[in-house]
Amino acid sequence: MSEFLYKVDILSQNRSALFKELNNRLYKNFIKVIVNDDKDVLTMFVDDVISELCDDVDVHDLTCVDKLYIMLILRTYNVGPSITFVCETDEEDEQKKAIKINCNLDIIKILQQLEQLEITHRFEISNDNIQVFGSLPKRFFYETSDELISDCVDSIIFNNKEVSLLHLDLDQKIEIVNSLPSFVLPEIYKYIATQDDILKETPLVVINTDKNIKTNKDIFISIANGSIPEIIKLFFRVSLKDFYVNEYNLIKKFKFNYTHLQEITPAELNLYIDVIKEDMDREKKEQEKQEQSSNQERLPPPVQSGRGTT
């Protein structure tokens, strides 16, 4: 093994897989995808990131909750385990502007909550003639209930022959699922509704502050309303300008190699910046101390006060 790997739990499969580090190249591209605000591109990019960083998972067999958990693990390991948001309060300053406060969120607690969810990740519906195996939906966005239900079906066994739907597109899945016996679809819908109710019972993100802020303190997730990708965007969104400024300063002023900066993680990039700042602060203090000592040496000796003689 020539690179750092770490284990990530695949919640729906009750196993773990080894992941590579999320480097600055992928992170910066993800920020661009978030800024672009195209839901289809976001879905494809998340799938591509997971596939690129792990050879041991089939992204088509990962549920939307799996993907949320994996992306938050990537954020924790490679960027940081917490994030601070600036929130506007209902209070105003002397200029009648909303007073802003910093609110910190611990991603570790959110991961623990996802691990403790009492949801059923996979299901089986069957009678004497057919077996239908499925799981929570795989995608983040759906236009119709047919898309949502069809994306939950993973495989079908009929007449001792198994048909996998994992790698089919949505239209192909819909065509097959709509041809299933009439008892199957209501059962899938019931399964989805039950799991969604469980997800909505407890907020996934809680902003702890005594102040009244102009955003929801409790953020819930749902399978079908697009809230899961919004959580991902929330924890990965940063200023793209700040990213480029940091890269520029490291390359221009401190002679870092551009390729090296692209291959390290965002956490390592921030560590470089912190070490440089600490070193510059230390040098500044030493310089000020030397200048103060030098100025004292140049001062004339104090005048001796006393009574003169005649």
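Buried here means under 20% relative accessible area, with exposed set at over 50%. With that cut-off in hand, strand β1 of this predicted model is a handy place to start. The strand covers residues 6-10 and has two unlike faces: Tyr6, Val8 and Ile10 make up the covered one, while Lys7 and Asp9 sit on the uncovered one. The every-other-residue pattern is no surprise, because side chains in a regular strand alternate between the two faces of the sheet.

β1 doesn't stand alone. Its antiparallel partner is strand β2, residues 15-19, and five bridges hold the pairing together on paper. One of the matched positions puts Tyr6, from the covered face of β1, opposite Phe19 in β2. The two strands form a hairpin, with four residues between them. Within that turn, Asn14 takes a positive phi of about 55°.

Further along the chain, a second hairpin turns up. Here β5 (residues 122-126) runs antiparallel to β6 (residues 130-135), again with five bridges between the strands. The link in this hairpin is three residues. Phe123 has Gly134 of β6 as its bridge partner.

β6 also pairs with another strand. Strand β7, residues 153-158, joins β6 in the antiparallel sense, over five bridges. In this pairing, Phe133 stands opposite Ser155 of β7. So much for β6: it is bridged both to β5 and to β7.

Zooming out, the protein chain contains 11 helices and 10 strands in total. What about the overall dimensions? The radius of gyration is 28 Å, whereas a compact globule of 310 residues would come in near 19 Å. The C-alpha trace spans about 130 × 50 × 30 Å along its principal axes.

As for packing, 40% of the 310 residues count as buried. Among contacts with a separation of 6 or more, 59% are between residues 24 or more positions apart. The accessible surface adds up to about 18800 Å², and carbon and sulfur atoms account for 47% of that area.

Finally, the charges. Negative side chains number 54 and positive ones 36 in the protein chain. The centres of these two sets lie 9 Å apart.

Terms used
Residues numbered from 1 in each chain as written. Predicted model: local features only at pLDDT ≥ 70, side-chain atom pairs only at ≥ 80, totals over all residues. Heavy atoms only, no water. Pairing = 2+ DSSP bridges. Rg over C-alpha atoms; globule rule 2.2 N^0.38 Å. Buried < 20%, exposed > 50% of the residue type's maximum accessible area, 1.4 Å probe, protein only. Contact = heavy atoms within 4.5 Å. Areas by Shrake-Rupley, 256 points an atom, 1.4 Å probe, with all protein chains shown as cover. Lys, Arg positive; Asp, Glu negative; His and termini not counted. Charge placed at Lys NZ, Arg CZ, Asp CG, Glu CD.
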